[in-house]
Amino acid sequence: MTRAILQLFLGAILLVNLSLAGTARRPRLDGRIVGGEVTSIKDIPYQVSLQRGYHFCGGSLIAQGWILTAAHCTEGSAILISKVRIGSSRTAEGGQLVGIKRVHRHPKFDAYTIDFDFSLLELHAYSVENVTQAFVGLPEQDADIADGTPVLVSGWGNTQSSQESTAVLRAVTVPKVSQTQCTEAYGNFGNITDRMLCAGLPEGGKDACQGDSGGPLAADGILWGVVSWGYGCARPNYPGVYSRVAAVRDWIASISGI
């Protein structure tokens, strides 16, 4: 399952679902960078690509051999034969492909509500020689940033433009949105929980989307969010929803020692 799984169906069945039940299943999105610019891995050296012959999700390097990504990116046994490309601006070449030793999915992850959407990937040993990498910082447990703070989202997902390649890393800056605004926007999809935060422009046009799931939302070198879900991509009045890293900082420490 990826962040985009319901996009093809929402237009046809969303109204039916809402009429039959008070809460619709969350719309999954793979993540893509819409309205962003080409960037370099040298500028976002903690960004990684999860691959199984092709890029399918993003992730963030939080320490040597440790990746934080979205739990919905690690569903199914195929994740254990996947690789992580570290240190490249391109998905198909450069950097280093590293195998996944172990997957630590958050035990409270709910695939229906997409709550606790976190997985830690423990990698096999690899050489750091000639590899562009750096570790993104982590917030303290339950820390927060002010509404309106510019945050950077990056990845290789769908750009919604045939003239913008998904093979090269792209990034976009959007403001953090208040929990109240986000809850109002997604009232038909259930609660925005304390493990979620939102970011986006009211008018839309800039967002993460298919292919960016699991990737970073960062500000000043600190990883505040993981690309998780949302309705459409870059739609007006529907900010992107990210898993709130500060809500599970203690869990990250208990698993990784970081």
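Here are a few friendly notes on the nonpolar cores of this predicted model and on two residues in one of its loops.

1. A good place to begin is the largest nonpolar core, which has 39 residues. Seven members touch the most other members: Leu50, Ile62, Leu68, Val84, Ile86, Leu123 and Ile252.

2. As for where this core comes from, at least two residues each are supplied by the strands β2 (47-51), β3 (55-63), β4 (66-69), β5 (83-86), β6 (96-105), β7 (119-123) and β12 (222-229), and likewise by the helix α3 (249-256). The largest share belongs to β3, with five residues.

3. Val84 is worth a closer look. Leaving aside residues up to four places away in sequence, Val84 touches Val48, Ser49 and Leu50, then Ile67, then Gln96, Leu97, Val98 and Ile100, and also Leu121 and Leu123.

4. Apart from the largest core there is another one, made of 14 residues. Its members include Ile114, Val177, Ala185 and Met196.

5. Do have a look at the backbone of Ile114, which sits in the loop between β6 and β7. Its phi is positive, about 60°, although Ile114 is not a glycine. Is Ile114 buried or exposed? With a relative accessible area of 1%, Ile114 is buried.

6. Phe116 deserves the same kind of check. Phe116 is also found in the loop between β6 and β7, and has a positive phi of about 55° without being a glycine. Phe116 counts as buried because its relative accessible area is 14%, and the cut-off for buried is under 20%.

Methods. Residues are numbered from 1 along each chain as its sequence is written. This is a predicted model: local features need pLDDT of at least 70, side-chain atom pairs count only at pLDDT 80 or more; totals for chains, interfaces and linings use all residues. Side-chain values use heavy atoms; hydrogens and water are left out. A nonpolar core is a set of buried Ala, Val, Leu, Ile, Met, Phe, Trp, Tyr and Cys residues joined through side-chain atoms within 4.5 Å. Buried means under 20% relative accessible area, exposed over 50%, partly exposed in between (1.4 Å probe, protein chains only). Helices (H or I, at least four residues) and strands (E, at least two) are DSSP runs, numbered from the N terminus. Contact means heavy atoms within 4.5 Å.
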